[in-house]
Amino acid sequence: MSNRNFDVAYNLTTNNKFLLNSYGDYCGCFKCCSVYLVSEIKSYTNDDSAICPYCGNDYVLPDILETRISKNFLKKLSAFWFGV
Ligand SMILES: [Zn+2]
């Protein structure tokens with residue numbers, strides 16, 4: 001996957017309430033690399049960015065770039081953005 005797609009992925013974590021509720025049932029957080037149901041999200045930031053129910057960060061990715069978001073994909077994103 002190219003760096004450009006990582007940028008796209010990052011942009012999808014902001015103001016994503018509508019996207020999350022419009023696409024697949026699943027989403028993933030690339031901070032803690034959890035994959036879970038959109039219905040598990042309980043809170044959003046003031047600009048409608050989903051907050052991860054597992055780690056409390058707003059790095060939740062809608063299921064848009066992959067047919068089913070995978071832990072592997074989240075780990076690659078995490079490595080790219082956080083260098084871990
Ligand atoms: Zn998380």
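The legends below walk through several views of this predicted model, from the whole chain down to single residues.

**View 1. The whole protein, with three helices and five strands.**
Start here to get your bearings: from the N terminus on, the elements run α-α-β-β-β-β-β-α. The radius of gyration is 11 Å and the globule rule gives 12 Å for 84 residues, so the protein is as compact as a globular protein of that length. Along the principal axes, its C-alpha atoms fill a box of roughly 30 × 25 × 20 Å. Buried residues make up 25% of the 84 residues. Among contacts with a separation of 6 or more, 62% are between residues 24 or more positions apart.

**View 2. Where the prediction is confident.**
The average pLDDT of the protein is 89, and 92% of the residues score at least 70. Confidence is highest in strand E4 (residues 50-51), at 98, and lowest in helix H1 (residues 3-11), at a mean of 80. As a reading tip, predicted coordinates should not be read in detail where pLDDT is low.

**View 3. An open sheet of three strands, in the order E2-E1-E5.**
The pairing in this sheet is antiparallel. E2 and E5 stand at the edges with a single partner strand each, so one side of each has no neighbour in the sheet. On average, neighbouring strands are turned by 30° against each other, direction ignored. E1 (residues 26-29) is joined to E2 (residues 34-37) by four bridges, while E1 and E5 pair over three bridges. To follow the pairing residue by residue, look for Tyr-26 opposite Leu-37 in E2, Cys-27 with its bridge partner Tyr-36 in E2, and Gly-28 opposite Leu-61 in E5.

**View 4. The two faces of strand E1.**
In a regular strand, side chains alternate between the two faces of the sheet. In E1, Tyr-26 and Gly-28 point one way, and Cys-27 and Cys-29 point the other way. Are these four residues buried or exposed? Tyr-26, Cys-27, Gly-28 and Cys-29 are all buried.

**View 5. The largest nonpolar core, with 16 residues.**
In soluble globular proteins, nonpolar side chains tend to be buried together. Within this core, the residues that touch the most other members are Cys-27, Phe-30, Val-60 and Leu-61. E1, strand E5 (60-62) and helix H3 (71-82) each supply at least two residues of the core. Phe-30 is a good place to centre the view: leaving out residues up to four places away in sequence, Phe-30 touches Tyr-59, Leu-61, Leu-74, Leu-77, Ser-78 and Trp-81.

**View 6. The hairpin of E1 and E2, with Cys-33 in its loop.**
Four residues lie between the two strands of this hairpin. Most residues other than glycine have a negative phi. Which sign does the phi of Cys-33 take? The phi of Cys-33 is positive, near 60°. Cys-33 has 19 C-beta neighbours inside 10 Å and so counts as partly exposed, since a residue needs 20 or more to be called buried.

**View 7. Lys-71, a residue of helix H3 that meets the hairpin region.**
Which residues does Lys-71 touch, not counting those up to four places away in sequence? Lys-71 touches Cys-33, from the loop between E1 and E2, and also Val-35. Lys-71 counts as exposed because it has 12 C-beta neighbours inside 10 Å. For a sense of scale, Lys-71 and Leu-37 are 14 Å apart in space, C-alpha to C-alpha, and 34 residues apart in sequence.

**View 8. Asp-48, in the loop between strand E3 (43-44) and E4.**
Here is another residue with an unexpected backbone angle to look at: Asp-48 is not a glycine, and its phi is positive, near 60°. With 13 C-beta neighbours inside 10 Å, Asp-48 counts as partly exposed.

Definitions and conventions. Residues numbered from 1 in each chain as written. Pairing = 2+ DSSP bridges. Rg over C-alpha atoms; globule rule 2.2 N^0.38 Å. Contact = placed C-beta atoms within 7 Å. Core = buried A, V, L, I, M, F, W, Y, C linked by C-beta atoms within 7 Å. Axes fitted to C-alpha atoms, helices over the stretch in contact; angles between N-to-C directions. pLDDT = per-residue confidence, 0-100.
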